[in-house]
Amino acid sequence: MMASQYTRSGLFPFPNSNSPLLSSPSLFLWLSFCFTTFYYYSRLATQGQRKVRCFVYCRNKSTPRTTYGFTRFLYLPSLLMEKNGKSMISKAIGHVSFVMRKCLFSILSIGPVPAHIAFIMDGNRRYAKRHALHQDSTNPGSGHRVGFKCLISTLQYCYEMGVKYVTVYAFSIDNFKRDPQEVQSLMDLMKEKIDELLTEDSVLKKFDARINFWGDLQLLSEPVRLAAKKAMDMTVHNKGPVLSVCVAYTSTNEITHAIEASVREKQENAPIEVSDLDRNMYTAGCLEPDIIIRTSGETRLSNFLLWQSDFTHLQNPNPLWPEFSLRHLVWAVLEYQNVHGYLKKRKGEIEKNK
Ligand SMILES: CC(C)=CCC/C(C)=C/CC/C(C)=C/COP(=O)(O)OP(=O)(O)O
């Protein structure tokens with residue numbers, strides 16, 4: 001039904017747009033320019049320099065001496081300027097990337113910026129397998145560790161863009177059925193990472209963000225439950241954006257709890273309204289997600305935010321979660337801007353007929 005409203009137009013290989021951004025070729029060219037420059041800078045900062053540095057320090061026997069000497073000569077200034085483990089050049093590149101992101105996000109904000117983005121962080125184990133990360137029965141969480149790093153950079157981009165709520169599906173109730181050693185290792189990782197989120201230089205501190213944990217927290221191991229509670233208490237008065245972590249969560253479980261709580265609140269035989277359930281959902285007080293992004297190309301919602309997603313734009317990019325990057329996030333927002341007008345109109349019509 002939606003597809004019939006679309007026609008291809010102009011420079012942008014997208015359906016017809018309601019967003020002023022997508023319908024303007026010059027802005028699109030600007031966006032492409034900013035993004036490409038940023039992308040190559042950030043690649044240089046994260047991968048290139050590290051690889052070259054490894055190469056310079058750990059020359060193996062097969063490296064030709066001239067190549068080794070030449071590379072060393074080229075990168076000597078950056079090595080000399082190294083201060084506190086981080087070279088001044090990589091710091092400068094960090095600043096440039098930040099400015100490029102600012103430009104990119106201010107161009108993006110010409111269209112509607114989503115207030116709430118939710119992520120199903122799928123594909124961490126497949127990533128570990130594909131990249132042959134050290135992962136055996138005693139250390140099953142290496143893909144999830146890379147996944148956590150990706151979560152931190154994604155949070156940073158979302159908050160810089162002006163997204164107020166970010167929600168992530170970190171552990172479903174069904175995940176407790178996995179191998180006990182894997183569950184234990186994920187719980188240990190969760191505890192470690194929650195503690196890390198409370199440190200001075202964490203992304204939560206930087207943006208004065210609040211953290212929520214949604215789910216049947218009684219099912220969690222005690223250390224994780226206590227860490228989650230401590231994190232919620234410590235950030236409850238923060239005024240910045242919000243991170244909600246769904247752990248020991250399924251949507252059907254959330255709905256069941258909301259029904260039970262609504263029944264408890266009501267007088268005998270009083271009818272239960274949709275608004276009663278809304279009030280008793282974990283998500284009460286939070287806007288419905290504008291976009292749900294599930295990585296690794298999976299197209300199912302897997303019992304995630306079913307109650308809250310009737311007007312949500314679903315996105316299924318192909319990369320595994322640890323490979324998800326700024327480029328995929330920007331693409332998701334552009335697609336959302338493209339369908340935003342249609343979703344808003346449909347929502348208005350349905351609310352009018354209620
Ligand atoms: C504190 C905090 C928010 C921590 C979150 C850490 C993190 C990245 C958790 C992801 C958990 C998870 C079960 C992902 C699904 O990938 P999968 O294991 O199902 O991988 P697969 O799809 O390849 O099987």
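**Close-up 1. Side chains that reach the ligand's oxygen atoms.** In this predicted model, a side-chain N or O atom of Asp122 lies 2.8 Å from an oxygen atom of the ligand. Arg125 makes a similar pairing: an N or O atom in the side chain of Arg125 is 2.9 Å from a ligand oxygen. Look for Arg178 as well, where the distance from a side-chain N or O atom to an oxygen of the ligand is 2.7 Å. How much of the ligand's accessible area does the protein cover? On its own the ligand has 630 Å² of accessible area, and the protein covers 93% of that.

**Close-up 2. The pocket and the shell around the ligand.** The ligand sits in the second largest pocket. Which elements give two or more residues to the shell around it? They are helix H4 (124-130), helix H5 (142-161) and helix H6 (180-197). H5 supplies the largest share, with four residues. Altogether 17 residues surround the ligand, and the ones that come nearest are Asp122, Arg126, His144, Ala170 and Arg178. Sort the shell by class and you get seven nonpolar, five polar and five charged residues.

**Close-up 3. Leu204 in helix H7.** Here we move to helix H7, residues 203-207, which is where you'll find Leu204. Is Leu204 buried or exposed? Its relative accessibility is 2%, so Leu204 counts as buried, since the cut-off for buried is under 20%. Now find Gln156: it is 48 residues away from Leu204 along the chain, yet the two C-alpha atoms are separated by 9.0 Å.

**Close-up 4. Phe105 in helix H3 and its partner Met161.** Phe105 belongs to helix H3, which runs over residues 88-108. With a relative accessible area of 5%, Phe105 is another residue to call buried. How far apart in space are Phe105 and Met161, C-alpha to C-alpha? The answer is 5.5 Å, even though 56 residues separate them in sequence.

**Close-up 5. Lys230 in helix H8.** Lys230 is part of helix H8, residues 222-235. Its relative accessible area is 47%, so Lys230 is partly exposed; to count as exposed, a residue has to be over 50%. Asp195 is the residue to pair with Lys230 in this view: their C-alpha atoms are separated by 9.1 Å, and the two are 35 residues apart along the chain.

**Close-up 6. Two loop residues with positive phi.** A bit of background helps here: most residues other than glycine have a negative phi. Ala132 is not a glycine, but its phi is positive, at about 50°. Where does Ala132 sit? You'll find Ala132 in the loop between H4 and H5. Ala132 counts as exposed because its relative accessibility is 65%. Asn303, also not a glycine, has a positive phi near 65°. The loop that holds Asn303 lies between strand S7 (291-294) and strand S8 (313-315).

Note on methods:
Residues are numbered from 1 along each chain as its sequence is written. This is a predicted model: local features need pLDDT of at least 70, side-chain atom pairs count only at pLDDT 80 or more; totals for chains, interfaces and linings use all residues. Side-chain values use heavy atoms; hydrogens and water are left out. A residue is near a molecule or strand if one of its heavy atoms lies within 4 Å of it. A polar contact is a pair of N or O atoms within 3.5 Å; within protein, one must be able to donate a hydrogen and the other to accept it, and residues adjacent in sequence count only if both atoms are side-chain atoms. Accessible areas come from the Shrake-Rupley method with a 1.4 Å probe; for residues, only the protein chains shown count as cover. On a 1 Å grid over the protein atoms alone, a cavity is a set of points where a 1.4 Å probe fits but cannot get out, and a pocket is an open set with protein on both sides within 12 Å along at least five of seven lines; lining residues have an atom within 4 Å of a point. A molecule sits in a cavity or pocket if more than half of its atoms lie within 2 Å of its grid points. Ala, Val, Leu, Ile, Met, Phe, Trp, Tyr, Cys and Pro count as nonpolar, Asp, Glu, Lys and Arg as charged, and the others, Gly among them, as polar. Buried means under 20% relative accessible area, exposed over 50%, partly exposed in between (1.4 Å probe, protein chains only).
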